[in-house]
Amino acid sequence: MQPQTFVFIGRSGCGKGTQVELLKKVLAEKDPSGEMLHLETGLKFREFIEGDGYSNKLSHEIAISGNRQPDFLAIRFWSDFLVDSFKGNEHVICDGICRSLLEAQSFTTAMKFYNRKPIVVYINVSRAWSKERLFARARADDDNKGIDKRLDWFDKDTSHAIKYFNMNNQYTLLDINGEQTIEEVHKEVMEKLGWV
């Protein structure tokens, strides 16, 4: 099987992480000897803001305020990850990257460099659906103000990255109805990949 590159994108609470794990299982079955790299920038940010350096503290303040982290930090995380870890023959799965048009354009330069044509899996859910799920999971940063800010910057910034992916022939964008059961979402992903 040719190495695949996936980018999972969607509103907070849409179930990206769950669908990533299901895809990893399918890839392991389809390509038992294949290696996988999984990049989750949200985890990188959560680790980063716990540091005690000057940049870490500034990033921590942004996290507390509920604002979107600057593009240069997100780009640094996935760039370092690719440069340090990528050997060229692995399946690559990215979760939570390209939260803005600028970041998506920067990611395109990396994908051209590595000669990859990613599949973007857009887990498409409404703002109201996302908000309901975020309240239900009750994470520490999932208060009403924090949720509204994250959903606002998705509408303001990330929506432009999705349009960019959809119009760029470097990418294949799968628009998936995320307002289904976990199993139904996974089934739709598999169908649109042509893997069933």
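**Local environments in the predicted model**

Asn124 is partly exposed, with a relative accessible area of 26%. This value, like the others reported here, was computed from a predicted model. The residue belongs to strand β4, which covers residues 119–124. Although 53 residues separate Asn124 from Asn177 in sequence, the C-alpha atoms of the two residues lie 5.3 Å apart in space. When residues up to four places away in sequence are left out, Asn124 is in contact with Asp175, Ile176, Asn177, Gly178 and Glu179. Asn177 is thus one of the residues that Asn124 touches.

Another asparagine, Asn115, is found in the loop between α5 and β4. Asn115 has a relative accessible area of 70% and is therefore classed as exposed, the threshold for that class being over 50%. The backbone of Asn115 has a phi near 55°, a positive value in a residue other than glycine. Asn115 also contributes to the lining of the second largest pocket.

The second largest pocket contains about 160 Å³ of space. Residues from separate parts of the sequence form its lining: Gln2, Pro3, Gln4 and Thr5 are joined there by Gly88, and by Tyr114, Asn115, Arg116, Lys117 and Ile119. In terms of residue character, the lining of this pocket consists of five polar, three nonpolar and two charged residues. Ile119, one of the lining residues, lies in strand β4, the strand that also holds Asn124.

Enclosed space was examined as well. The search of the whole structure returned one cavity of 30 Å³ or more. The largest cavity holds about 30 Å³ of space. Its lining is made up of Phe45, Arg68, Gln69, Asp71, Ala74, Arg99 and Glu103. Four of these lining residues are charged, two are nonpolar and one is polar.

Phe45, which takes part in the lining of the largest cavity, is also one of the buried residues of helix α2. This helix spans residues 41–48, and its buried residues are Thr41, Gly42, Phe45 and Phe48. Viewed down the axis of α2, the buried residues fall within an arc of 125°, so they line one face of the helix. Such an arrangement can be read from the geometry of helices: an α-helix has 3.6 residues a turn, so residues three or four places apart point the same way. The buried residues of α2 pack against two strands, β2 (36–40) and β3 (91–95), and against two helices, α3 (54–65) and α4 (71–85). Asp71 and Ala74, which help to line the largest cavity, fall within the range of α4.

The cysteines were considered next. The structure contains zero disulfides. Cys94 takes part in no disulfide, and the nearest cysteine sulfur, that of Cys98, is 7.6 Å away. Likewise, Cys98 is in no disulfide, its nearest cysteine sulfur being that of Cys94 at 7.6 Å. This separation does not meet the criterion for a disulfide, because the two sulfur atoms would have to be within 2.5 Å. Cys94 has a relative accessibility of 2% and so counts as buried, a class that requires a value under 20%. Cys98 likewise counts as buried, with a relative accessibility of 0%. Cys98 is located in the loop between β3 and α5 (101–113), whereas Cys94 lies within the residue range of β3. The phi of Cys98 is positive, at about 60°, although Cys98 is not a glycine.

Conventions:
Residues are numbered from 1 along each chain as its sequence is written. This is a predicted model: local features need pLDDT of at least 70, side-chain atom pairs count only at pLDDT 80 or more; totals for chains, interfaces and linings use all residues. Side-chain values use heavy atoms; hydrogens and water are left out. On a 1 Å grid over the protein atoms alone, a cavity is a set of points where a 1.4 Å probe fits but cannot get out, and a pocket is an open set with protein on both sides within 12 Å along at least five of seven lines; lining residues have an atom within 4 Å of a point. Grid points are joined across faces, edges and corners, and a volume is the space filled by probe spheres set on the points. Ala, Val, Leu, Ile, Met, Phe, Trp, Tyr, Cys and Pro count as nonpolar, Asp, Glu, Lys and Arg as charged, and the others, Gly among them, as polar. Buried means under 20% relative accessible area, exposed over 50%, partly exposed in between (1.4 Å probe, protein chains only). Helices (H or I, at least four residues) and strands (E, at least two) are DSSP runs, numbered from the N terminus. The arc is that of the directions from the helix axis to the C-beta atoms. Contact means heavy atoms within 4.5 Å.
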